[in-house]
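Work through the two exercises below with the sequence and the coordinates at hand, and try each task before reading its solution.

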Amino acid sequence: MKTYEEKKRDLYEKMKEYTKEDICIAFSGGVDSSLLLMLAKECMKQQKKAGNIHAVTFHTVLHPPCDLEIAQKVAKEAGAVHKVVFVNELEQEEIRFNPKDRCYLCKKTLFQKLLEYAKSQGISVVMEGTNEDDLHVYRPGLRAIKELGVFSPLAEAGFTKEEVRKLAEELSVSVASRPSTPCLATRLPYGTEIKTEALEKIALGEEYLKKQGFSVVRIRLHGEICRIEIPKADFGAFLEKSQEMTEALQKRGFQYITLDIQGFRSGSMDEFRNEKLSRKNT
């Protein structure tokens, strides 16, 4: 198994090769894509290349509005050409009812638009921020990325999420410690119709809880039941203000407010699928 330093060397070599020409990055403003952006900038500088880095952010109904603001900030820090593409995934009937392969359908739609933009700019190298850990959980969107020929340098170099954050801190990436903000559709059970009102309510509810001091939080919506996931270490602080926060969330349209005693789990709607995938890989 390669050490962190060996992986880092491999990653730099890959990025130096990719940045011999203009590149296009699917850029969410999260730590993975932000690290790619800063690496591309550094590699071009080392090679004294005057090329352009195009950071493409999708402004979609399935992602919180704060994602776009952060992406604009980081793209400006990197001096990248920032392109914002608006996409309404719910216009596709097959996506609207949150099927089990929703992530595949969404990624295919988004990355086809990304490739169209890259082609319009004469760019052949297109990349995104999948890391090694993503390869071992249920991520149907990865199939679309592979089918479309988009590069995933972090995964190619074997970088785990922890190693991504470590290198991001070394490079002083401003969002190095930013928690992940996955698609809002992950807050709903598969087979549930995705309605913009529900997504807006979830986004507002999570924003409110973050302002109360819970930086890592998910609101999973099961019909009338709002299931809140936060780290177990935050349970005490949450319960101290539970009455106040329950009333605030009910005013925002939630009815039955529950705290998940299992605590925060990234991708908890997929955890049984991930168990099957883990057993399959062992």
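Two strands are taken to pair if DSSP finds at least two bridges between them. The model is a predicted one.

**Exercise 1.** Determine the strand order of the open sheet of four strands, and state what packs on it.

*Solution.* Begin with strand E1 (residues 23–26) and strand E2 (residues 53–60), which pair in the parallel sense over four bridges; within these two strands, Ile23 stands opposite Ile53 of E2. Extending outwards, one arrives at the order E3-E2-E1-E4, with parallel pairing. Strand E3 (81–87) and strand E4 (125–127) stand at the edges, and because each has a single partner strand, one side of each is left without a neighbour in the sheet. From one strand to the next the twist averages 25°.

Next, add the helices. Helix H2 (residues 31–46) packs on the sheet, where it touches E1, E2 and E4, and its direction makes about 160° with that of E1. Helix H3 (residues 65–78), in turn, lies across E2 and E3 and runs at about 160° to E3.

**Exercise 2.** Assess whether the radius of gyration of the protein chain agrees with that of a compact globule, and describe the chain as a whole.

*Solution.* First, a compact globule of 282 residues would have a radius of gyration near 19 Å, and the protein chain has 19 Å, so the two agree. Second, the C-alpha trace spans about 60 × 40 × 40 Å along its principal axes. Third, taking buried to mean under 20% relative accessible area, 46% of the 282 residues count as buried. Finally, among contacts with a separation of 6 or more, residues 24 or more positions apart account for 75%.

Notes. Residues are numbered from 1 along each chain as its sequence is written. This is a predicted model: local features need pLDDT of at least 70, side-chain atom pairs count only at pLDDT 80 or more; totals for chains, interfaces and linings use all residues. Side-chain values use heavy atoms; hydrogens and water are left out. Axes are lines fitted to C-alpha atoms, for helices over the stretch in contact, and angles run from 0 to 180 degrees between N-to-C directions. Contact means heavy atoms within 4.5 Å. The radius of gyration is taken over C-alpha atoms; the globule rule is 2.2 Å times the number of residues to the power 0.38. Buried means under 20% relative accessible area, exposed over 50%, partly exposed in between (1.4 Å probe, protein chains only).
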